[in-house]
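Hi everyone, thanks for making the time. I'd like to walk you through one model today, so have your viewers open and follow along.

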Amino acid sequence: MPELPEVETIANGVNARVQGDRIVEAWFGSHKEPFKTSPAKQAKGLEGRVFQSVHRTGKHIVCELGETLAGPATSQWIVHLGMTGRLLVTTPDAELAPHTHTRLRLQSGKEIRFVDPRRFGRLELRDLQRGAAFAAAGAEPLTVTRGEFAVLFRRRKLAIKAALLNQSLLSGVGNIYADESLFRAGVRPRRQAGRLTRAELDRLHVALQQVLRHAIQLGGSSVSDYVDAEGVRGFFQLEHYVYSRENQPCRQCGTPIRKIIVAGRGTHYCPGCQR
DNA sequence: ACAGGCTCCTGCAGGC
DNA sequence: TGCCTGCAGGAGCCTG
């Protein structure tokens, strides 16, 4: 499932391939996809626009669009991949994957395709002349400072795992990197967020940023069907210490990794290493 | 205000 | 072999 490192990898890949390219035609094949903006409005706003840049905000891919490459951005196309969403840059003759909901034909001949079997993804178009630019609700995990990080969890009664997943606190952390950073910080996922010591919060802050940066370097984690903009898998799944390793020995102490449910999510931790 | 649970959706694994 | 059930989870929504 795409989280911050996967979304960053995809956004960078798409940016490298489409920057400066113009959308010639927008096609929406499904009207059941939960669009935040209707397909008709999106098509009207997308056609003729130029991709100025593509970047990541939280778990969202934000495409800055303008009349020309250099001018001011006039709109944003915002893609949220949900669990199984993929944003691919292909040649027009590339085989059409099942559940392809959107195709953007570009002047260069390339095509951008949005594929999403489970339909948890969201597509939105923002007109910057009429409304505000997209902004994440929570703090940016890669740049949040140690002090800001600690404040996020102050007096919070929910489990630290649930707090990490709360996008209005931190934008971009999902199930894999929540589990992996808690392991590296030596903190049990069910601990009450507001009861973590400052030392534990500092360790978690360092662990989270290290895990996310390392995963970005490796192109993200490929579990289920994640691929980047070119259809290439990532390698961070090979570095997982706990995620999806139930009953397997901990890589640090040998204790079998335990799987529990926290905040309705499968949660993996080492009873030996995490307190 | 906050926390927890339900729901959407499809593919796949496991059990009988 | 084939069917059925349950599980995977991001995030919006509802409830207590």
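I'll start with the overall layout, then look at a helix pair, and finish with the two DNA strands.

One thing to keep in mind from the start: this is a predicted model. In chain A, the domain assignment gives domain 1, covering 4–127, and domain 2, covering 146–269. If you take the C-alpha centres of domain 1 and domain 2, they are 28 Å apart.

Now, please find helix α1, residues 4–18, and helix α6, residues 198–217. Their axes come within 9 Å and cross at roughly 35°, and the crossing of α1 past α6 is right-handed. Which residues meet there? From α1 we have Leu 4, Pro 5, Glu 8 and Thr 9, and on the α6 side Leu 212, Ala 215 and Ile 216. By class, that contact of α1 with α6 consists of 5 nonpolar residues, 1 polar and 1 charged.

Let's move on to the DNA, with strand B to begin. Around DNA strand B you'll see His 99, Pro 117, Arg 118, Arg 119, Phe 120, Arg 156, Lys 157 and Leu 158. Of the strand B atoms within 4 Å of the protein, 58% are in sugar and phosphate. The surface near strand B counts 3 nonpolar, 1 polar and 4 charged residues.

Where does the protein reach the phosphates of strand B? The side chain of His 99 has an N or O atom 2.8 Å from a phosphate oxygen of DNA strand B. Lys 157 uses its backbone instead, with an N or O atom 2.9 Å from a phosphate oxygen of that strand. As for the bases, a polar side-chain atom of Arg 118 sits 3.1 Å from a base oxygen of DNA strand B.

On to strand C. The residues surrounding DNA strand C include Met 1, Lys 59, His 80, Met 83, Gln 167, Asn 175 and Tyr 243. Arg 118 and Phe 120 are also among them, and you'll remember both from the surroundings of strand B. Sugar or phosphate makes up 48% of the strand C atoms within 4 Å of the protein, and bases make up the rest. The class count near strand C is 4 nonpolar, 4 polar and 4 charged.

For distances, the side chain of Arg 118 places an N or O atom 2.7 Å from a base nitrogen of DNA strand C. With Arg 265, the side-chain N or O atom is 2.6 Å from a base nitrogen of strand C. Finally, a side-chain N or O atom of Lys 259 lies 2.3 Å from a phosphate oxygen of strand C.

How values were computed:
Residues numbered from 1 in each chain as written. Chains lettered and ligands numbered in written order. Predicted model: local features only at pLDDT ≥ 70, side-chain atom pairs only at ≥ 80, totals over all residues. Heavy atoms only, no water. Near = heavy atom within 4 Å. Polar contact = N/O pair within 3.5 Å; in protein donor to acceptor, adjacent residues only side chain to side chain. Nonpolar A, V, L, I, M, F, W, Y, C, P; charged D, E, K, R; others polar. Domains from an automatic or database assignment. Axes fitted to C-alpha atoms, helices over the stretch in contact; angles between N-to-C directions. Helix = DSSP H or I, 4+ residues; strand = E, 2+ residues; numbered from the N terminus. Left-handed = near helix turned anticlockwise from the far one by under 90°. Contact = heavy atoms within 4.5 Å.
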